[in-house]
Amino acid sequence: MNFISMRSMGVECIEEVLKRAKDFDKSVDFTNVLKNKILGALFFEPSTRTRFSFQTAMERLGGSVVGFSSAEGTSIKKGETLSDTVRIIAGYTDCIVLRHPKEGAAKLASEVSPVPVINAGDGSHDHPTQTLLDLYTIRKNLGEFDGLRIGICGDLRYGRTGRPLSIALSHWNVKLYYISPPQLSMDRGTVRFLKERGVDVTEVMRIEDVIKELDVLYMTRIQRERFPTEEEYLKFKGVYVINRDIMKMAKQEFILMHPLPRVDEIESEIDQDPRAKYFEQARNGIPVRMAILEKAIKE
Ligand code: NCD
(Lines give C-alpha, C1' and ligand atoms only; values in the text may rest on other atoms or scores of the structure.)
Protein backbone atom coordinates (compact mmCIF):
# COMPACT_ATOMS: atom_id res chain seq x y z
CA MET A 1 0.00 0.00 0.00
CA ASN A 2 1.00 3.64 -0.55
CA PHE A 3 1.62 6.23 2.18
CA ILE A 4 0.93 9.51 0.39
CA SER A 5 -1.10 11.86 2.58
CA MET A 6 -2.66 12.07 6.03
CA ARG A 7 -6.01 13.06 4.55
CA SER A 8 -6.23 9.72 2.78
CA MET A 9 -5.11 7.63 5.78
CA GLY A 10 -7.85 6.12 7.92
CA VAL A 11 -7.64 5.84 11.68
CA GLU A 12 -7.47 2.00 11.43
CA CYS A 13 -4.29 2.28 9.35
CA ILE A 14 -2.79 4.75 11.84
CA GLU A 15 -3.61 2.42 14.74
CA GLU A 16 -2.12 -0.60 12.97
CA VAL A 17 1.17 1.22 12.34
CA LEU A 18 1.39 2.48 15.94
CA LYS A 19 0.67 -1.00 17.32
CA ARG A 20 3.20 -2.73 15.07
CA ALA A 21 5.81 -0.04 15.83
CA LYS A 22 5.43 -0.88 19.52
CA ASP A 23 6.40 -4.51 18.73
CA PHE A 24 9.50 -3.38 16.83
CA ASP A 25 10.34 -0.95 19.63
CA LYS A 26 10.56 -3.81 22.17
CA SER A 27 13.53 -5.44 20.48
CA VAL A 28 16.41 -3.96 18.53
CA ASP A 29 17.17 -7.32 16.92
CA PHE A 30 17.36 -7.67 13.16
CA THR A 31 14.48 -9.59 11.56
CA ASN A 32 13.81 -11.29 8.24
CA VAL A 33 10.45 -9.60 7.67
CA LEU A 34 11.64 -7.92 4.44
CA LYS A 35 14.49 -10.27 3.52
CA ASN A 36 15.44 -10.00 -0.16
CA LYS A 37 13.38 -6.81 -0.58
CA ILE A 38 14.95 -3.63 -1.93
CA LEU A 39 13.88 -0.08 -1.12
CA GLY A 40 14.54 2.72 -3.64
CA ALA A 41 15.20 5.96 -1.72
CA LEU A 42 14.82 9.01 -3.97
CA PHE A 43 15.71 12.16 -2.03
CA PHE A 44 15.55 15.35 -4.09
CA GLU A 45 15.84 17.52 -0.94
CA PRO A 46 18.25 17.44 2.02
CA SER A 47 17.46 14.94 4.76
CA THR A 48 19.20 13.46 7.76
CA ARG A 49 16.64 11.76 10.01
CA THR A 50 14.14 10.65 7.39
CA ARG A 51 16.68 9.16 4.99
CA PHE A 52 18.88 7.50 7.60
CA SER A 53 15.97 6.15 9.60
CA PHE A 54 14.34 4.65 6.50
CA GLN A 55 17.65 3.08 5.57
CA THR A 56 18.25 1.74 9.07
CA ALA A 57 14.67 0.51 9.37
CA MET A 58 14.93 -1.35 6.05
CA GLU A 59 18.20 -2.99 7.05
CA ARG A 60 16.82 -3.99 10.45
CA LEU A 61 14.01 -5.73 8.59
CA GLY A 62 16.53 -7.73 6.58
CA GLY A 63 16.16 -5.71 3.37
CA SER A 64 18.48 -3.33 1.55
CA VAL A 65 18.39 0.17 0.08
CA VAL A 66 19.49 1.78 -3.17
CA GLY A 67 19.01 5.42 -4.07
CA PHE A 68 20.34 8.95 -4.05
CA SER A 69 20.38 11.93 -1.71
CA SER A 70 20.30 14.63 -4.39
CA ALA A 71 19.45 14.75 -8.09
CA GLU A 72 23.10 15.62 -8.87
CA GLY A 73 24.68 12.63 -10.54
CA THR A 74 21.38 11.21 -11.87
CA SER A 75 19.71 11.46 -15.29
CA ILE A 76 17.39 14.15 -13.87
CA LYS A 77 20.34 16.41 -14.72
CA LYS A 78 19.96 15.33 -18.37
CA GLY A 79 16.31 16.36 -18.29
CA GLU A 80 14.64 13.09 -17.30
CA THR A 81 11.20 13.63 -15.77
CA LEU A 82 10.20 12.55 -12.25
CA SER A 83 7.66 10.11 -13.75
CA ASP A 84 10.30 8.38 -15.86
CA THR A 85 12.77 8.22 -12.97
CA VAL A 86 10.11 6.68 -10.73
CA ARG A 87 9.10 4.12 -13.41
CA ILE A 88 12.71 3.05 -13.84
CA ILE A 89 13.53 2.73 -10.12
CA ALA A 90 10.21 0.94 -9.56
CA GLY A 91 11.40 -1.66 -12.06
CA TYR A 92 14.48 -2.33 -9.91
CA THR A 93 12.97 -2.24 -6.41
CA ASP A 94 10.05 -3.36 -4.22
CA CYS A 95 9.09 0.04 -2.80
CA ILE A 96 9.94 3.70 -3.35
CA VAL A 97 10.40 6.37 -0.71
CA LEU A 98 10.37 9.85 -2.23
CA ARG A 99 11.21 13.32 -0.92
CA HIS A 100 10.67 16.13 -3.41
CA PRO A 101 10.29 19.93 -3.27
CA LYS A 102 7.05 19.90 -5.30
CA GLU A 103 3.68 19.48 -3.65
CA GLY A 104 1.94 16.44 -5.11
CA ALA A 105 5.17 14.72 -6.25
CA ALA A 106 4.50 11.55 -4.23
CA LYS A 107 0.94 11.30 -5.52
CA LEU A 108 2.19 11.65 -9.09
CA ALA A 109 4.83 8.98 -8.42
CA SER A 110 2.20 6.61 -7.01
CA GLU A 111 0.16 7.00 -10.21
CA VAL A 112 2.99 5.75 -12.42
CA SER A 113 4.68 3.30 -10.03
CA PRO A 114 3.82 -0.40 -10.03
CA VAL A 115 5.41 -0.70 -6.53
CA PRO A 116 4.25 1.07 -3.35
CA VAL A 117 5.28 4.69 -2.83
CA ILE A 118 5.96 6.33 0.54
CA ASN A 119 5.91 10.12 0.75
CA ALA A 120 8.93 11.37 2.73
CA GLY A 121 7.89 15.01 2.25
CA ASP A 122 6.41 16.83 -0.76
CA GLY A 123 7.11 20.58 -0.66
CA SER A 124 5.15 22.36 2.07
CA HIS A 125 2.31 19.88 1.78
CA ASP A 126 2.62 16.62 3.68
CA HIS A 127 5.00 14.32 5.55
CA PRO A 128 2.86 11.38 6.71
CA THR A 129 5.65 9.19 8.12
CA GLN A 130 6.80 12.08 10.32
CA THR A 131 3.23 12.38 11.59
CA LEU A 132 3.11 8.69 12.46
CA LEU A 133 6.28 8.95 14.55
CA ASP A 134 4.95 12.15 16.15
CA LEU A 135 1.75 10.34 17.16
CA TYR A 136 3.79 7.40 18.44
CA THR A 137 5.87 9.77 20.59
CA ILE A 138 2.81 11.52 22.03
CA ARG A 139 1.12 8.23 22.91
CA LYS A 140 4.29 6.74 24.39
CA ASN A 141 4.69 9.72 26.72
CA LEU A 142 1.15 10.79 27.50
CA GLY A 143 -1.03 7.73 26.91
CA GLU A 144 -4.21 8.49 25.01
CA PHE A 145 -4.88 11.37 22.59
CA ASP A 146 -8.39 12.19 23.75
CA GLY A 147 -8.50 15.31 25.90
CA LEU A 148 -5.01 16.56 24.97
CA ARG A 149 -4.27 20.23 24.36
CA ILE A 150 -1.66 20.45 21.64
CA GLY A 151 0.15 23.59 20.49
CA ILE A 152 1.85 23.71 17.09
CA CYS A 153 4.20 26.65 16.77
CA GLY A 154 6.35 28.35 14.15
CA ASP A 155 6.14 28.30 10.37
CA LEU A 156 2.75 26.69 9.82
CA ARG A 157 2.54 28.05 6.29
CA TYR A 158 5.64 26.61 4.64
CA GLY A 159 6.27 23.77 7.12
CA ARG A 160 4.98 20.33 6.15
CA THR A 161 4.76 18.66 9.56
CA GLY A 162 2.10 20.69 11.43
CA ARG A 163 -0.63 20.18 8.82
CA PRO A 164 -0.62 16.37 8.60
CA LEU A 165 -0.17 16.11 12.39
CA SER A 166 -3.31 18.23 12.87
CA ILE A 167 -5.25 16.18 10.34
CA ALA A 168 -4.25 12.93 12.04
CA LEU A 169 -5.15 14.30 15.49
CA SER A 170 -8.62 15.21 14.22
CA HIS A 171 -9.48 11.50 14.57
CA TRP A 172 -9.48 12.09 18.32
CA ASN A 173 -10.97 14.63 20.67
CA VAL A 174 -8.12 17.12 20.96
CA LYS A 175 -7.85 20.88 21.27
CA LEU A 176 -5.35 22.52 18.90
CA TYR A 177 -3.55 25.80 19.42
CA TYR A 178 -1.80 27.27 16.38
CA ILE A 179 0.95 29.69 17.39
CA SER A 180 2.41 31.71 14.50
CA PRO A 181 2.77 35.20 13.06
CA PRO A 182 -0.33 35.90 10.90
CA GLN A 183 1.85 35.80 7.75
CA LEU A 184 2.92 32.22 8.56
CA SER A 185 -0.45 30.89 9.72
CA MET A 186 -2.01 27.55 8.79
CA ASP A 187 -3.86 27.67 5.47
CA ARG A 188 -7.59 28.41 5.75
CA GLY A 189 -8.56 25.18 3.94
CA THR A 190 -6.92 23.06 6.64
CA VAL A 191 -8.43 25.13 9.49
CA ARG A 192 -11.89 24.76 7.89
CA PHE A 193 -11.38 21.01 7.40
CA LEU A 194 -10.41 20.59 11.07
CA LYS A 195 -13.36 22.63 12.32
CA GLU A 196 -15.71 20.60 10.13
CA ARG A 197 -14.33 17.50 11.84
CA GLY A 198 -15.21 19.06 15.20
CA VAL A 199 -11.70 20.07 16.30
CA ASP A 200 -11.49 23.13 18.55
CA VAL A 201 -8.80 25.30 16.90
CA THR A 202 -7.43 28.47 18.53
CA GLU A 203 -4.95 30.72 16.71
CA VAL A 204 -2.61 33.00 18.67
CA MET A 205 0.67 34.83 18.10
CA ARG A 206 2.38 34.46 21.48
CA ILE A 207 3.53 31.20 23.12
CA GLU A 208 3.21 32.86 26.55
CA ASP A 209 -0.55 33.22 26.07
CA VAL A 210 -1.19 29.46 25.89
CA ILE A 211 1.82 27.58 27.26
CA LYS A 212 0.24 26.95 30.69
CA GLU A 213 -2.65 25.07 29.11
CA LEU A 214 -0.62 22.78 26.85
CA ASP A 215 0.11 19.07 27.20
CA VAL A 216 2.28 19.13 24.05
CA LEU A 217 4.15 21.94 22.33
CA TYR A 218 5.28 20.97 18.84
CA MET A 219 7.89 23.50 17.67
CA THR A 220 8.82 23.87 14.00
CA ARG A 221 11.59 25.81 12.29
CA ILE A 222 11.06 28.78 10.00
CA GLN A 223 11.47 27.16 6.56
CA ARG A 224 14.18 29.39 5.13
CA GLU A 225 14.44 27.54 1.79
CA ARG A 226 10.74 27.94 1.02
CA PHE A 227 10.55 31.74 1.36
CA PRO A 228 10.43 33.73 -1.90
CA THR A 229 13.42 35.83 -0.75
CA GLU A 230 16.06 35.78 1.99
CA GLU A 231 14.79 39.19 3.09
CA GLU A 232 11.32 37.76 3.74
CA TYR A 233 12.86 34.92 5.79
CA LEU A 234 14.89 37.34 7.89
CA LYS A 235 11.69 39.07 9.00
CA PHE A 236 10.70 35.90 10.85
CA LYS A 237 14.04 34.37 11.84
CA GLY A 238 14.20 33.96 15.60
CA VAL A 239 10.56 34.94 16.13
CA TYR A 240 10.04 32.05 18.61
CA VAL A 241 12.66 30.79 21.04
CA ILE A 242 11.97 28.24 23.77
CA ASN A 243 14.12 29.07 26.78
CA ARG A 244 14.07 28.35 30.52
CA ASP A 245 11.51 31.10 31.19
CA ILE A 246 9.01 29.54 28.80
CA MET A 247 9.64 26.03 30.17
CA LYS A 248 8.99 27.32 33.71
CA MET A 249 5.50 28.32 32.63
CA ALA A 250 4.70 24.87 31.20
CA LYS A 251 3.09 22.03 33.20
CA GLN A 252 5.18 19.26 34.79
CA GLU A 253 3.58 16.53 32.65
CA PHE A 254 4.00 18.57 29.47
CA ILE A 255 6.20 17.45 26.54
CA LEU A 256 8.19 19.56 24.08
CA MET A 257 8.52 18.11 20.58
CA HIS A 258 10.22 19.18 17.32
CA PRO A 259 10.58 17.23 14.06
CA LEU A 260 14.14 18.63 13.84
CA PRO A 261 16.38 20.09 12.52
CA ARG A 262 16.15 22.98 14.96
CA VAL A 263 17.87 26.21 14.05
CA ASP A 264 17.38 28.71 16.86
CA GLU A 265 13.88 27.95 18.14
CA ILE A 266 14.88 25.77 21.13
CA GLU A 267 17.88 26.80 23.24
CA SER A 268 20.31 23.93 23.81
CA GLU A 269 20.04 24.32 27.61
CA ILE A 270 16.50 22.92 27.30
CA ASP A 271 17.85 19.56 26.07
CA GLN A 272 18.49 18.52 29.70
CA ASP A 273 14.87 19.15 30.72
CA PRO A 274 13.14 15.75 31.06
CA ARG A 275 10.13 17.23 29.24
CA ALA A 276 12.21 17.78 26.06
CA LYS A 277 11.38 14.79 23.86
CA TYR A 278 12.72 15.72 20.42
CA PHE A 279 15.71 13.37 20.45
CA GLU A 280 13.53 10.49 21.62
CA GLN A 281 11.05 11.51 18.89
CA ALA A 282 13.76 11.18 16.22
CA ARG A 283 14.73 7.73 17.59
CA ASN A 284 11.10 6.62 17.37
CA GLY A 285 11.48 7.02 13.61
CA ILE A 286 13.12 3.59 13.49
CA PRO A 287 10.31 1.35 14.88
CA VAL A 288 7.65 3.49 13.21
CA ARG A 289 9.31 3.36 9.79
CA MET A 290 9.89 -0.39 10.22
CA ALA A 291 6.11 -0.73 10.66
CA ILE A 292 5.44 1.52 7.66
CA LEU A 293 7.83 -0.37 5.37
CA GLU A 294 6.37 -3.72 6.36
CA LYS A 295 2.84 -2.52 5.71
CA ALA A 296 3.74 -0.77 2.44
CA ILE A 297 5.51 -3.79 0.97
CA LYS A 298 3.35 -6.62 2.34
CA GLU A 299 -0.15 -5.16 1.81
C1 NCD B 1 11.17 18.05 8.57
C2 NCD B 1 10.92 18.15 7.09
O3 NCD B 1 11.73 17.74 6.26
O4 NCD B 1 9.84 18.63 6.76
N5 NCD B 1 12.30 17.30 8.88
C6 NCD B 1 12.14 15.97 9.15
O7 NCD B 1 11.79 15.20 8.29
N8 NCD B 1 12.37 15.58 10.41
C9 NCD B 1 11.15 19.36 9.28
C10 NCD B 1 11.94 20.49 8.73
O11 NCD B 1 12.73 20.33 7.80
O12 NCD B 1 11.77 21.58 9.26
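Which residues surround the ligand? The legends below take that question first and then move outwards through this predicted model.

**View 1. The ligand and the residues around it.** Here is the answer to the opening question: the ligand is surrounded by Arg49, Thr50, Arg99, His127, Gln130, Arg160, Arg221, Gln223, Pro259, Leu260 and Pro261. By character, this shell divides into three nonpolar, four polar and four charged residues. Both domains take part, since at least three residues of the shell come from each of domain 1 (6–126 + 284–298) and domain 2 (128–282).

**View 2. Side chains that meet oxygen atoms of the ligand.** Start with Thr50, where an N or O atom of the side chain is 2.9 Å from an oxygen atom of the ligand. Next comes Arg160, whose side chain has an N or O atom 2.8 Å from a ligand oxygen atom. For Arg221, the distance from a side-chain N or O atom to an oxygen atom of the ligand is 2.7 Å. Taken alone, the ligand would expose 320 Å², and the protein buries 94% of that.

**View 3. The largest pocket, home of the ligand.** Step back a little and you will find that the ligand sits in the largest pocket. This pocket holds about 410 Å³ of space. Its lining is made of 21 residues, and those nearest the pocket centre are Arg99, Arg160, Arg221, Leu260 and Pro261. Sorted by character, the lining has four nonpolar, ten polar and seven charged residues. Where does the largest pocket lie relative to domain 1 (6–126 + 284–298) and domain 2 (128–282)? It lies between them, because both domains give residues to its lining.

**View 4. The largest cavity.** Now leave the pocket and look for cavities: a search of the whole structure finds two of 30 Å³ or more. The largest cavity has a volume of about 80 Å³. Around this cavity you can pick out Gly154, Met219, Thr220, Ile222, Tyr233 and Lys237, together with Gly238, Val239, Tyr240, Val263, Asp264 and Glu265. Six of the lining residues are nonpolar, three are polar and three are charged.

**View 5. The second largest cavity.** The last stop is the second largest cavity, with a volume of about 50 Å³. Its lining consists of Arg49, Ser53, Gln130, Leu133, His258, Pro259, Gln281, Ala282 and Arg289. Some of these names may ring a bell: Arg49, Gln130 and Pro259 line this cavity and are also among the residues that surround the ligand.

Technical notes:
Residues are numbered from 1 along each chain as its sequence is written. This is a predicted model: local features need pLDDT of at least 70, side-chain atom pairs count only at pLDDT 80 or more; totals for chains, interfaces and linings use all residues. Side-chain values use heavy atoms; hydrogens and water are left out. On a 1 Å grid over the protein atoms alone, a cavity is a set of points where a 1.4 Å probe fits but cannot get out, and a pocket is an open set with protein on both sides within 12 Å along at least five of seven lines; lining residues have an atom within 4 Å of a point. Grid points are joined across faces, edges and corners, and a volume is the space filled by probe spheres set on the points. Ala, Val, Leu, Ile, Met, Phe, Trp, Tyr, Cys and Pro count as nonpolar, Asp, Glu, Lys and Arg as charged, and the others, Gly among them, as polar. Domain bounds come from an automatic or database domain assignment. A residue is near a molecule or strand if one of its heavy atoms lies within 4 Å of it. A polar contact is a pair of N or O atoms within 3.5 Å; within protein, one must be able to donate a hydrogen and the other to accept it, and residues adjacent in sequence count only if both atoms are side-chain atoms. Accessible areas come from the Shrake-Rupley method with a 1.4 Å probe; for residues, only the protein chains shown count as cover. A molecule sits in a cavity or pocket if more than half of its atoms lie within 2 Å of its grid points.
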